[in-house]
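Q: I'd like a close look at a single part of this protein. Could you walk me through one helix and its surroundings?

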Amino acid sequence: MRWRRLILATVVCLTCTCFVTASDAPTLTKEQIKQFLLTAKVVKSEQAKKGITETLRLTLSDGTVTHDASFQKIDEHKATMQLASGTEVGFVDSYKYNIAAYQLAELLGLDDMVPVYVERSWKGDSGSLSWWLPVKMDERERVAQKIAVPDPDAWNNQMYKVRVLDELVYDIDANLTNVLITDDWKIWRIDFTRAFRLHKELKSTANLSHCDRQLFAKLKVLNQDELTEKTKHYLTTDEIKALMVRRDKIVEQFQKLIAEKGEKEVLY
């Protein structure tokens with residue numbers, strides 16, 4: 001019995017060590033995460049439980065850190081596509097938009113709510129690879145279960161930023177399953193494969209009621225040339241031009257609200 005207990009204790013210790021290593025991984029810097037995603041060895045793969053784009057959950061290891069990542073290889077281009085909202089001309093559903101969204105988020109200081117996305121090949125397919133997040137639920141689950149947020153003000157301040165980003169990238173498939181929530185009630189926005197449409201109108205100015213001050217400042221100085229350089233492999237010239245037009249209208253909307261209500265009522 002003593003030997004059995006010793007063996008069991010050893011197994012538990014080894015298991016705990018692996019768990020600590022995995023949980024320590026998120027303390028890596030953004031650059032370290034990028035390098036890990038680009039270079040770590042894939043040791044396991046399985047189908048992700050959610051999503052309609054054949055997302056894979058890959059387990060990566062560099063010998064020190066072991067962590068999961070989300071791999072999306074979809075890259076569909078169709079002349080027309082019948083959607084629930086109607087027929088879309090020039091339909092695109094592409095992993096490249098995930099990478100473009102992260103590059104944009106870096107420019108706007110929103111890379112603390114959009115996970116790192118890099119381009120990588122797996123079994124002959126190019127795709128986007130992103131850090132697997134420690135999520136306890138998505139926003140659809142929270143709403144369905146009527147779970148109250150512990151700090152409404154902090155929650156709303158995060159959601160205001162998500163709504164600004166959604167208007168900017170014009171994601172036709174933006175839905176609550178793409179808003180992920182961690183144990184500490186931090187929000188992450190994922191999956192942009194149907195974003196960056198050519199529309200030059202905003203989806204809804206009603207989504208733009210408040211804005212983070214730093215985000216607003218960075219929106220105003222967002223530079224088209226810099227954005228083009230950052231996303232040159234992932235966005236077309238027309239997609240960038242449309243985004244910049246939407247940026248102008250977002251800034252205009254907030255300036256209008258500030259003039260009407262005062263800065264303190266709009267910016268936080």
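A: Happy to; here is helix H6, followed by the aromatic pairs around it and the wider setting.

First, some ground rules. This is a predicted model, in which local features need pLDDT of at least 70 and side-chain atom pairs count only at pLDDT 80 or more, while totals for chains, interfaces and linings use all residues. Residues are numbered from 1 along each chain as its sequence is written, and side-chain values use heavy atoms, with hydrogens and water left out.

Helix H6 spans residues 213-220, and its buried residues are Leu215, Phe216 and Leu219. Viewed down the axis of H6, these buried residues fall within an arc of 100°, so they line one face of the helix. (The arc is taken from the directions from the helix axis to the C-beta atoms; helices are DSSP runs of H or I with at least four residues, strands are E runs of at least two, and both are numbered from the N terminus; buried means under 20% relative accessible area, exposed over 50% and partly exposed in between, with a 1.4 Å probe and protein chains only.) The cover over the buried residues of H6 includes helix H3 (96-108), helix H5 (152-169) and helix H8 (237-261). At the N-terminal end, aspartate 212 acts as the cap of H6, with a side-chain oxygen 3.0 Å from the backbone nitrogen of glutamine 214.

Now for the rings. A search of the whole structure finds five aromatic pairs. (Rings of Phe, Tyr and Trp, the last by its six-membered ring, pair if their centres lie within 6.5 Å; planes under 30 degrees apart are stacked, over 60 edge-to-face, and the rest tilted.) In one of them, tyrosine 97 and phenylalanine 196 have ring centres 5.5 Å apart and planes at 50°, so this pair is tilted. The pair links distant parts of the chain: tyrosine 97 sits in helix H3, and phenylalanine 196 in the loop between strand S10 (187-189) and H6, 99 residues apart. Tyrosine 97 is buried at 4% relative accessibility, and phenylalanine 196 is buried with a relative accessible area of 1%. Phenylalanine 216 and phenylalanine 254 form an edge-to-face pair, 6.0 Å centre to centre with 80° between the planes. Because phenylalanine 216 lies in helix H6 and phenylalanine 254 in helix H8, the pair ties together parts 38 residues apart in sequence. Both phenylalanine 216 and phenylalanine 254 are buried.

As for the wider setting, the protein has nine helices and 10 strands, and 45% of its 268 residues count as buried.

Technical notes: Contact means heavy atoms within 4.5 Å. A polar contact is a pair of N or O atoms within 3.5 Å; within protein, one must be able to donate a hydrogen and the other to accept it, and residues adjacent in sequence count only if both atoms are side-chain atoms.
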